[in-house]
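Student: Hi, could you walk me through this fold? I'd like to start with one strand and work outwards.

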Amino acid sequence: MPGPKLAISRLTKRFLDLDVLHEIDVEVEEGEFISVVGPSGCGKTTFLRIVAGLEKATAGEVRLDGEVVRKPGADRGFVFQADNLLPWRTVFANAIVGPEIGGRAGAEERKSTLDLLRLVGLAGFENYYPRQLSGGMRQRVNLARALAIDPKILLMDEPFSALDAQTREIMQMELLRIWEKGRKTALFVTHQIDEAVYLSDRVLVFARRPGRIREAVEIDLPRPRPLSIKRTAEFVRYVDRIWKLIEDDVRASVLNPDD
Ligand SMILES: Nc1ncnc2c1ncn2[C@@H]1O[C@H](COP(=O)(O)OP(=O)(O)O)[C@@H](O)[C@H]1O
Ligand SMILES: [Mg+2]
């Protein structure tokens, strides 16, 4: 039997005297969609940045397909909260930037990038510039760009949090539609519980100070999931259960953000 796609063991991170993550253990199977939820400041972004290779762990390790992650690599696609598109490049030129950096932006990659832009709903916008797009469309470009390198895993840090509520829901639905096509292993960070439940096979509930996994909640909802699933009793039960797990932490982080 093959090992897990992603294996994180005893992952610990300290910034000077601040204990941010403490001995986190997680295994993610190929094709799983995992979310991380927790209050602001619990270390979600730090966790994802370590998996991305953008930040070094103080102790412990991250393995992707058995190989220890030490730096960023083309086997990981990253979508950040703030879109970081290059303003002087068109949608197409932004989407193909990964293969270009990798020195392989030939006819085949150009075609697959066009296919990806169609997949994310941007057919016809290839020659637009980022400033001509709405926030939701810019995050679609970011998603296409992350997928264009055909990564082993997709890492997303609150990619929809800057969007208005309706656009956000549409993007959640779109993300699942796109994900269903390839079922790429995904690690998605959010502070919104309903977003995590809607998207995921499993939700890792982080506790704060230091960040650790309080509980891993399996989300046993059928797929594909229409947005209306959010109104079912089963869905609401998952949201309530996770909310109860982090309620005290959220209250503490609102009252004492710096302690
Ligand atoms: N580069 C850094 N240097 C020092 N402290 C940091 C750094 N990055 C994050 N932190 C601190 O680590 C904690 C966790 O931050 P973060 O991972 O951004 O949390 P989250 O994404 O869950 O809101 C916060 O207290 C934050 O201030
Ligand atoms: Mg964060």
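Student: Which residues of S8 are buried on one side and which on the other?

Tutor: Thr185, Leu187 and Val189 are buried on one side, and Ala186, Phe188 and Thr190 on the other. Buried means under 20% relative accessible area (1.4 Å probe, protein chains only). This is a predicted model, where local features need pLDDT of at least 70, side-chain atom pairs count only at pLDDT 80 or more, and totals for chains, interfaces and linings use all residues. Residues are numbered from 1 along each chain as its sequence is written.

Student: Why do the residues switch sides like that?

Tutor: In a regular strand the side chains alternate between the two faces of the sheet. Six of the six residues of S8 (residues 185–190) are buried, so this strand is largely enclosed by the rest of the structure. Strands here are DSSP runs (E, at least two residues), as are helices (H or I, at least four), numbered from the N terminus.

Student: OK, which way does S3 run against S8, parallel or antiparallel?

Tutor: Parallel, with five bridges joining them; Phe188 is the bridge partner of Ser35. S7 and S8 also run parallel, joined by five bridges, and Asp157 stands opposite Val189. Two strands pair if DSSP finds at least two bridges between them.

Student: And what is the strand order in the whole sheet?

Tutor: The order is S6-S7-S8-S3-S9-S10, an open sheet of six strands with mixed pairing. S6 and S10 are the edge strands, each pairing on one side only.

Student: Where does the antiparallel part come in?

Tutor: Between S9 and S10, which are joined by six bridges. There, Leu204 stands opposite Ala216.

Notes. Chains are lettered from A and ligands numbered from 1 in the order in which they are written. Side-chain values use heavy atoms; hydrogens and water are left out. Buried means under 20% relative accessible area, exposed over 50%, partly exposed in between (1.4 Å probe, protein chains only).
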